[in-house]
2 protein chains.
Amino acid sequence: MSTNDCLSGTIRHLLDAGVRPTRHRLALAELLFDGRERHVSAEMLNVEAREHLVSISLATVYNTLHHFTAAGLLREIVVDSRRGYFDTNTSDHYHFFYEDSLCLVDIPIEALEIMRLPATPAGKTIRRVEVVVRVSG
Amino acid sequence: MSTNDCLSGTIRHLLDAGVRPTRHRLALAELLFDGRERHVSAEMLNVEAREHLVSISLATVYNTLHHFTAAGLLREIVVDSRRGYFDTNTSDHYHFFYEDSLCLVDIPIEALEIMRLPATPAGKTIRRVEVVVRVSG
DNA sequence: GCGATTTTTAGAATCATTCTAAAGGGTGTT
DNA sequence: AACACCCTTTAGAATGATTCTAAAAATCGC
């Protein structure tokens, strides 16, 4: 058994989620999980990685985003029928989508209250209730 | 002045929306506005047109869907970050999205009640509040 | 029917994403 | 350290949806 308690927070974060902390995953995780609420597309993260002098292929960015999502570290949000966005906030919440700047901002769950839900279709399970408030101007 | 009162319902529908009722637009409108609630992608509508022996190019299907949307005859729904869907129901309402079959079903506005909305960001206007209930199984 | 304006078209171009197959890296065992 | 095994990364090709382009065709008002 190795001394597990002196690992960097990011490595721990990945290990806890069952993701092998490879060099590239670590670099992307450092960028993603910096404490801010972040909503990134693959292309955005790729650019950011290059800006931070991390040499990485776009395919790896896609792989990693999908791995992180499968491991519960990220959550995919659908607001645009062209691009996929990933959210570092994996808890239940909603979004503002700024149509002009294509930016996303979290709406905390308690800021929006849904009183009534329609009956779930027979034999189905609700996976998620997504709310997107589209704003512009 | 022509005798306007003996036009087909579909032609009237297009004229009322300020859309020139060309042959192709009419054919697509006949398919779309048949009374059912419909949620189509460009590819789906293109296949359907061919099945009905309407010879049309995919580019025209895209043009027409966008024209109809701009004219208020359709509404675009975002549920999938790959494909765009268009809804023949342009009134305020929400959606079930069946993740397995990629099907959409309307949720009437009164079946879901949103009690509290967060404050609108300064200087912005709410364009729409979208609710998608994702189900599977 | 004429001419001006819009539509339609096929195909090329674009953009995001996934796939492929090969090279590289990580981990545990000896 | 060397080995073997398995997982990751990669560049580039492939895919799929959508948009663009430029030319041909249809439409409309006169």
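Select B:L102 to begin: at 32% relative accessibility, B:L102 counts as partly exposed (buried is under 20% relative accessible area, exposed is over 50%, and partly exposed lies in between, with a 1.4 Å probe and protein chains only). The model is predicted, so local features need pLDDT of at least 70 and side-chain atom pairs count only at pLDDT 80 or more, while totals for chains, interfaces and linings use all residues. Residues are numbered from 1 along each chain as its sequence is written, chains are lettered from A and ligands numbered from 1 in the order in which they are written, and side-chain values use heavy atoms, with hydrogens and water left out.

**Stop 1: the L102 loops**

Stay on B:L102. The residue sits in the loop between strand 4 (93-98) and strand 5 (103-108) of chain B; strands (E, at least two residues) and helices (H or I, at least four residues) are DSSP runs, numbered from the N terminus. Phi of B:L102 is near 60°, a positive value in a residue other than glycine.

Now select A:L102. This residue is found in the loop between strand 4 (93-98) and strand 5 of chain A. Its phi is also near 60°, again positive in a residue other than glycine. A:L102 counts as partly exposed because its relative accessibility is 34%.

**Stop 2: the two copies**

Show chains A and B together. A turn of 180° and a shift of 0.0 Å along the axis lay chain B on chain A with an RMSD of 0.1 Å (least-squares superposition on the C-alpha atoms of residues with pLDDT of at least 70 in both copies). That is the relation of a two-fold axis. The copies meet through the same surface, because 100% of the interface residues of chain B are also interface residues in chain A.

**Stop 3: chain A as a whole**

Hide everything except chain A. Its C-alpha trace spans about 50 × 40 × 25 Å along its principal axes. Colour by secondary structure to pick out four helices and seven strands, which run α-α-β-α-α-β-β-β-β-β-β from the N terminus on.

Of the 137 residues in chain A, 43% are buried. The accessible surface of the chain comes to about 7,400 Å², and carbon and sulfur atoms hold 52% of that (Shrake-Rupley method with a 1.4 Å probe). Among contacts in chain A between residues at least 6 apart in sequence, 43% join residues at least 24 apart; contact means heavy atoms within 4.5 Å.

**Stop 4: helix 2 and strand 5 of chain A**

Select residues 23-32 of chain A, which form helix 2. Its buried residues are A:R25, A:A27, A:L28, A:A29, A:L31 and A:L32. They pack against helix 1 (9-16), strand 1 (39-40), helix 3 (42-51) and helix 4 (58-70) of chain A.

Move to A:I107 in strand 5 (residues 103-108) of chain A. A:I107 counts as buried because its relative accessibility is 0%. Leaving aside neighbours within four places in sequence, A:I107 is in contact with A:H93, A:Y94, A:H95, A:F96, A:L112, A:V133 and B:P118. For a distance label, try A:I107 to A:V131: the two are 24 residues apart in sequence and 9.2 Å apart C-alpha to C-alpha.

**Stop 5: DNA strand C**

Show DNA strand C and the 19 residues around it, of which A:Y62, A:H66, A:G84, B:T22 and B:T60 come nearest (near means that a heavy atom of the residue lies within 4 Å). Sugar and phosphate make up 84% of the strand C atoms that come within 4 Å of the protein.

Three polar contacts can be labelled here (pairs of N or O atoms within 3.5 Å):

- A polar side-chain atom of A:Y62 is 2.4 Å from a phosphate oxygen of DNA strand C.
- A backbone N or O atom of A:G84 is 2.6 Å from a phosphate oxygen of DNA strand C.
- A polar backbone atom of A:R82 is 3.4 Å from a sugar or linking oxygen of DNA strand C.

Helix 4 of chain A gives the most to this surface, with four residues.

**Stop 6: DNA strand D**

Finish on DNA strand D, which 20 residues surround; the closest are A:T22, A:R25, A:T60, B:Y62 and B:G84. Here sugar and phosphate account for 88% of the strand D atoms within 4 Å of the protein.

Select A:T22, where a polar side-chain atom lies 2.6 Å from a phosphate oxygen of DNA strand D. At A:S57, a polar backbone atom is 3.0 Å from a phosphate oxygen of that strand. At B:R82, a polar backbone atom is 3.4 Å from a sugar or linking oxygen of DNA strand D. Helix 4 of chain B gives the most to the surface near DNA strand D, with four residues.

Key:
Polar contact = N/O pair within 3.5 Å; in protein donor to acceptor, adjacent residues only side chain to side chain.
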